[in-house]
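Student: I should like to learn how to read the features of a protein model. May we look at one together?

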Amino acid sequence: MSKRYDYIVVGAGSGGCAVAARLSEDRSMRVLLIEAGGSNRKLEVKAPLAFAKQFHTKLDWDYWTEPESSLNGRRIFSPRGKMLGGCSSMNAMIYIRGNRLDYDTWAANGAEGWSYDDVLPYFTRAERNEHIHDEYHGSAGPLNVTRIRDIDPVSSALVDAAANALHVPVNDDFNGSSQDGVGQFQVTQRRGIRFSAREAYLRSRRRNLTIRTNTLVRKIVLDDGRATGVEVTDRKGNVERISAAREVILAAGAFNTPALLQHSGIGPADHLRSVGVAPIVDLPAVGEHLMEHPLVYLTYELREGQIGLFDAEDARHLKNWLLRRRGKLASNVAEAGGHVRTDSSLAAPNFQVLFAPAFFYNHGAMAWDVPAATIAMSYIAPHSRGRVRIRSSDPTRKPTVTYNMLATDSEMEEMVEAVELARRVAAASPAHKVLGAEITPGVEVQSRADIAAWIRSSVEHTYHPSCSARIGSPADGVVDPQLRVHGVANLRIADASVMPTIIRGNTNATAIMIGERCADFVRADRAAPPTTVGRVSEVGAR
Ligand SMILES: Cc1cc2nc3c(=O)[nH]c(=O)nc-3n(C[C@H](O)[C@H](O)[C@H](O)COP(=O)(O)OP(=O)(O)OC[C@H]3O[C@@H](n4cnc5c(N)ncnc54)[C@H](O)[C@@H]3O)c2cc1C
């Protein structure tokens with residue numbers, strides 16, 4: 001072992017930046033933050049509109065699922081940020097925390113200390129909201145939250161149409177007393193530029209916080225049931241071991257965190273043996289229970305007089321953004337939307353609707369040659385679960401990912417109803433004044449069976465993989481409510497993989513909240529007096 005730190009945090013994404021920064025507030029603690037990717041100082045990271053230009057580049061882990069059995073065997077592209085800030089440097093910047101019911105359900109099902117009232121102080125501690133100053137928001141935290149300044153008239157028309165067609169309120173704060181309704185999204189930006197977890201937590205350098213980029217963690221080093229460090233490959237390909245005197249904290253995201261555990265011998269023992277990894281802790285839930293939000297895109301041509309973001313790459317818009325940080329390049333594409341129910345008897349919204357004044361289809365990989373808009377429906381209360389499993393003992397190979405998306409009939413029923421609901425919005429006033437012909441699914445797709453077939457052939461996801469190393473008992477979970485990995489001392493997880501079930505919303509704010517909480521759990525354990533670890537026994541029984 002070459003170097004010693006008190007804490008090693010693996011992964012500088014949403015959760016990892018938060019936990020590393022908070023732990024290093026105590027200047028006597030030496031913290032090492034290790035990131036496989038490099039800098040996030042790139043135009044396609046900073047300019048909000050450009051986020052999809054990162055896909056399939058070196059900023060992206062570029063995951064693809066295994067063939068999905070309910071989706072005609074399609075393999076689904078799943079980008080993941082590989083740079084400082086992780087996915088918060090790649091995402092669409094929507095700031096949503098989910099629904100109160102999500103957290104209260106976590107707590108009711110055994111995640112003690114994770115009710116909405118428990119987590120709210122951590123959301124507000126992390127937040128610096130430029131506009132809203134009430135008991136639901138923070139104004140002194142590191143994460144800047146604002147609204148885009150130049151919302152497109154198409155987005156505003158779709159908000160009004162949704163309120164009219166669906167009889168839901170216009171809501172200017174989905175993170176306040178109610179998540180229901182439609183309106184403009186809050187975003188993690190500052191003055192027209194993306195504000196990732198790196199900008200939030202790593203801007204001021206601390207002598208006791210070391211950040212190593214372009215360094216891949218291969219596995220956790222275990223010694224007699226304890227995590228004592230990590231094994232890494234540096235940018236030159238050298239393999240090195242680094243030790244942690246106190247704890248190792250995994251924050252490598254919902255795909256790579258369970259993969260790292262499995263490479264370290266922590267996971268379903270039979271599977272580990274089958275790929276040549278010696279099991280050390282048989283923990284069957286590692287990599288199981290993966291959840292994601294299925295998403296479909298309804299797209300429409302715009303009527304004459306509307307242009308949306310179609311001309312955003314014109315030089316004058318680039319100039320406007322470069323000089324004034326305003327205009328179309330500051331758009332996060334999904335500028336507005338909200339939370340709705342396909343069945344009014346549901347206890348909470350089951351869909352997030354997203355309005356974009358642009359043609360956004362197949363992850364932005366396709367273009368339409370006249371101005372267009374998108375109404376996307378994200379299924380925020382799904383049931384299906386997938387899994388993440390390493391495919392070999394080689395830590396440089398990506399694991400297999402299977403979402404098992406829309407595996408139940410009831411989920412497909414709700415998706416079909418969501419498509420019908422989106423069409424009601426498109427037909428309502430004032431949307432019908434800005435939207436022209438439907439591009440996808442297209443007017444010929446009308447029966448429920450045809451809509452379901454279209455969904456199977458085109459559904460994607462909302463980029464929110466979660467729950468693959470969830471809080472739960474050793475039988476069906478990976479970590480306890482203080483985020484300690486079962487069966488291994490000095491090892492925690494602080495990223496989206498610990499969510500017991502996926503929240504009804506976008507997952508960046510929650511991953512950051514988890515990082516904030518993890519730091520407090522670590523600090524509380526450090527402050528606690530040492531407890532005995534031995535047990536009494538009869539001398540003769542030894
Ligand atoms: C295209 C896209 C759009 C999205 N839009 C939104 C949105 O608008 N709003 C929202 O709230 N959420 C959005 N999300 C989701 C949200 O950003 C993520 O859920 C959140 O950032 C996940 O945080 P995390 O800490 O779990 O993981 P990540 O942020 O993914 O961090 C994991 C980090 O670990 C690093 N890492 C992984 N393996 C290793 C290893 N072996 N060694 C060293 N480092 C490693 C990775 O490179 C990465 O930096 C989006 C995501 C994407 C990809």
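Student: Where is C467 found?

Tutor: In this predicted model, C467 is in the loop between β23 (460-461) and β24 (491-493).

Student: What is phi for C467, and how should I read its sign?

Tutor: The general idea is that most residues other than glycine have a negative phi. C467 is not a glycine, yet its phi is positive, at about 75°.

Student: Is C467 buried or exposed?

Tutor: One counts the C-beta atoms around the residue, and 20 or more within 10 Å make it buried. C467 has 27 C-beta neighbours inside 10 Å, so it counts as buried.

Student: Where does A475 lie, and is A475 buried or exposed?

Tutor: A475 also lies in the loop between β23 and β24. A475 has 9 C-beta neighbours inside 10 Å, and therefore counts as exposed; the cut-off for that class is 12 or fewer.

Student: Which residue other than glycine has a phi near 60°?

Tutor: That residue is N404, where phi is again positive. N404 is found in the loop between β21 (400-402) and α10. With 19 C-beta neighbours inside 10 Å, N404 counts as partly exposed. A475 and N404 are 71 residues apart along the chain, and their C-alpha atoms are separated by 21 Å.

Student: What should I look for in a peptide bond that precedes a proline, such as the one from S429 to P430?

Tutor: One reads the angle omega. Most peptide bonds are trans. The bond from S429 to P430 is cis, with omega near 0°. P430 is found in the loop between α10 (409-427) and α11 (431-434). A cis peptide bond also joins T440 and P441, with omega about 0°. P441 is found in the loop between β22 (435-440) and α12 (448-458).

Student: How do I read a helix, taking α10 as the case?

Tutor: One may compare the span with the expected rise along the helix. α10 has 19 residues and reaches 28 Å from its first C-alpha to its last, close to the 27 Å expected at 1.5 Å a residue.

Student: Which residues of α10 are buried, and what covers them?

Tutor: An α-helix has 3.6 residues a turn, so residues three or four places apart point the same way. In α10, the buried residues are M412, E414, M415, V416, A418, V419, A422 and V425. Their cover includes α5 (153-166), β16 (294-302), β18 (351-356), β19 (372-379), α11 and α12.

Student: What does the same reading give for α13?

Tutor: The 20 residues of α13 (residues 508-527) should span 28 Å at 1.5 Å a residue, and the end C-alpha atoms are 29 Å apart, which agrees. α13 is mostly covered, with 14 of its 20 residues buried.

Student: How many residues are around the ligand, and which come nearest?

Tutor: A ligand is described by the shell of residues around it. Here there are 41 such residues, of which G11, G13, G86, N506 and N508 come nearest. The elements that give two or more residues to this shell are α1 (14-23), β11 (216-223), α7 (253-263) and α13. The largest share, four residues, comes from α7. By class, the shell has 21 nonpolar, 16 polar and four charged residues.

Student: What does the UniProt record place at V217, and what surrounds this residue?

Tutor: An annotation comes from a record and is best read beside the model. The unreviewed UniProt entry places the feature "binding site" at V217. V217 is in strand β11. V217 is buried, because 25 other C-beta atoms lie within 10 Å. Leaving aside residues up to four places away in sequence, V217 touches V10, I34, V230, V232 and L260.

Student: Which UniProt annotation covers residues 253-267?

Tutor: The unreviewed entry gives "domain: Glucose-methanol-choline oxidoreductase N-terminal" for residues 253-267. Over these residues the chain is 73% helix and 13% strand, and the end C-alpha atoms are 16 Å apart.

Student: Finally, how many helices and strands does the protein chain have, and how compact is the chain?

Tutor: The protein chain has 13 helices and 24 strands. Its radius of gyration is 23 Å, close to the 24 Å that the globule rule gives for 542 residues, so the chain is as compact as a globular protein of that length. Buried residues make up 55% of the 542 residues.

How values were computed:
Residues are numbered from 1 along each chain as its sequence is written. This is a predicted model: local features need pLDDT of at least 70, side-chain atom pairs count only at pLDDT 80 or more; totals for chains, interfaces and linings use all residues. The radius of gyration is taken over C-alpha atoms; the globule rule is 2.2 Å times the number of residues to the power 0.38. The expected span of a helix is 1.5 Å times one less than its number of residues. A residue is near a molecule or strand if its C-beta atom, placed from the backbone, lies within 6 Å of it. Ala, Val, Leu, Ile, Met, Phe, Trp, Tyr, Cys and Pro count as nonpolar, Asp, Glu, Lys and Arg as charged, and the others, Gly among them, as polar. UniProt positions are given in the numbering used here, feature names are shortened, and annotations may be inferred rather than shown by experiment. Two residues are in contact if their C-beta atoms, placed from the backbone, lie within 7 Å.
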